[in-house]
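Dear colleague,

Please find below the structure I wish to hand over to you. A summary of what was found in it follows.

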Amino acid sequence: MSDLDATTPRVFLARHGETEWTKNGRYTGKTDLDLTLEGISQVTATGTQLVGSGKLIDSARVARVWISPRKRAQQTFHLLFNGGDGGDRGSDIADKVTLTEDIAEWDYGDYEGLVVREIRARRKEKGLDREREWNIWRDGCEGGESVQQVAERLDRLIGQIREIQAPYMNGEKPVEVVLVAHGLILRAFVKRWLKYPLDNPLPMMLSPGAIGILSYKNHDVDEPGFFIGMALPS
């Protein structure tokens with residue numbers, strides 16, 4: 001990492017590992033599924049490579065961790081920091097953890113457990129979307145959360161994070177943040193971090209068990225950005 005970026009606070013986005021519904025693309029909001037064996041393996045491998053003293057995510061440098069209350073997210077946190085491989089990569093992190101609905105997956109309401117084609121077919125049966133196809137980033141979910149509701153809770157969390165990190169933009173104190181959550185809500189978080197409307201087109205991919213990284217340009221809390229790549233600690 002360059003000297004310019006080395007001391008700027010970061011936010012790590014950890015997506016939970018694979019579940020049965022992840023495999024077939026079903027929208028999974030409040031349904032409390034466990035990780036599959038492959039999901040456990042994904043997260044354990046990520047933790048082994050990237051979490052621990054001197055690694056990308058070092059618990060000694062973490063100020064706060066926010067976790068979705070869903071079981072699959074909590075399992076992912078424990079595998080990342082406690083080690084499905086028997087390792088202990090964060091025994092000092094427990095008092096920094098908060099479970100919060102602010103980073104829970106989008107509430108899909110009537111669309112829970114469905115895939116996109118099923119949702120679009122149901123809506124067309126109701127006479128909806130005659131001029132354009134349903135898009136969750138624009139239309140939200142019947143019986144669940146609207147785009148505005150999701151943006152409001154993410155903005156609330158972003159405000160808390162920036163309050164923690166703003167006084168230390170030049171590395172005066174390590175104030176890294178970790179979010180452990182879900183595929184869609186973490187992509188929504190990226191949009192709001194960058195101050196984009198949720199319906200702003202920004203194609204993103206975040207694999208199960210993967211880590212994304214946000215930060216700030218020029219040590220400036222008013223210039224939020226994201227890493228498209230970075231060198232790992234030597």
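Accessible areas here come from the Shrake-Rupley method with a 1.4 Å probe. On that basis, the chain of this predicted model exposes about 11,300 Å², of which carbon and sulfur atoms supply 48%.

As to overall form, the C-alpha atoms fill a box of roughly 55 × 40 × 30 Å along the principal axes. The radius of gyration is 18 Å, which agrees with the value near 17 Å that a compact globule of 234 residues would have. Buried residues make up 48% of the chain. Of the contacts with a separation of 6 or more, 76% are between residues 24 or more positions apart.

The chain has eight helices and six strands, and their order along the sequence is α-β-α-α-β-α-β-α-α-α-β-α-β-β.

Turning to the interior, the largest nonpolar core has 37 residues, and Ile161, Leu179 and Phe189 have the most contacts inside it. Among the elements that give two or more residues to this core are strand S1 (11-15), helix H7 (147-165), strand S4 (176-181) and helix H8 (183-193). Leaving aside residues up to four places away in sequence, Phe189 touches Val11, Leu13, Ile103, Leu154, Leu157, Ile158, Ile161, Leu179 and Leu214. A second, separate core has 21 residues, including Val43, Val51, Ile57 and Ile93.

Finally, the chain has 31 positive and 35 negative side chains, and the centres of these two sets lie 3 Å apart.

With kind regards

Definitions and conventions:
Residues numbered from 1 in each chain as written. Predicted model: local features only at pLDDT ≥ 70, side-chain atom pairs only at ≥ 80, totals over all residues. Heavy atoms only, no water. Core = buried A, V, L, I, M, F, W, Y, C linked by side-chain atoms within 4.5 Å. Buried < 20%, exposed > 50% of the residue type's maximum accessible area, 1.4 Å probe, protein only. Helix = DSSP H or I, 4+ residues; strand = E, 2+ residues; numbered from the N terminus. Contact = heavy atoms within 4.5 Å. Rg over C-alpha atoms; globule rule 2.2 N^0.38 Å. Lys, Arg positive; Asp, Glu negative; His and termini not counted. Charge placed at Lys NZ, Arg CZ, Asp CG, Glu CD.
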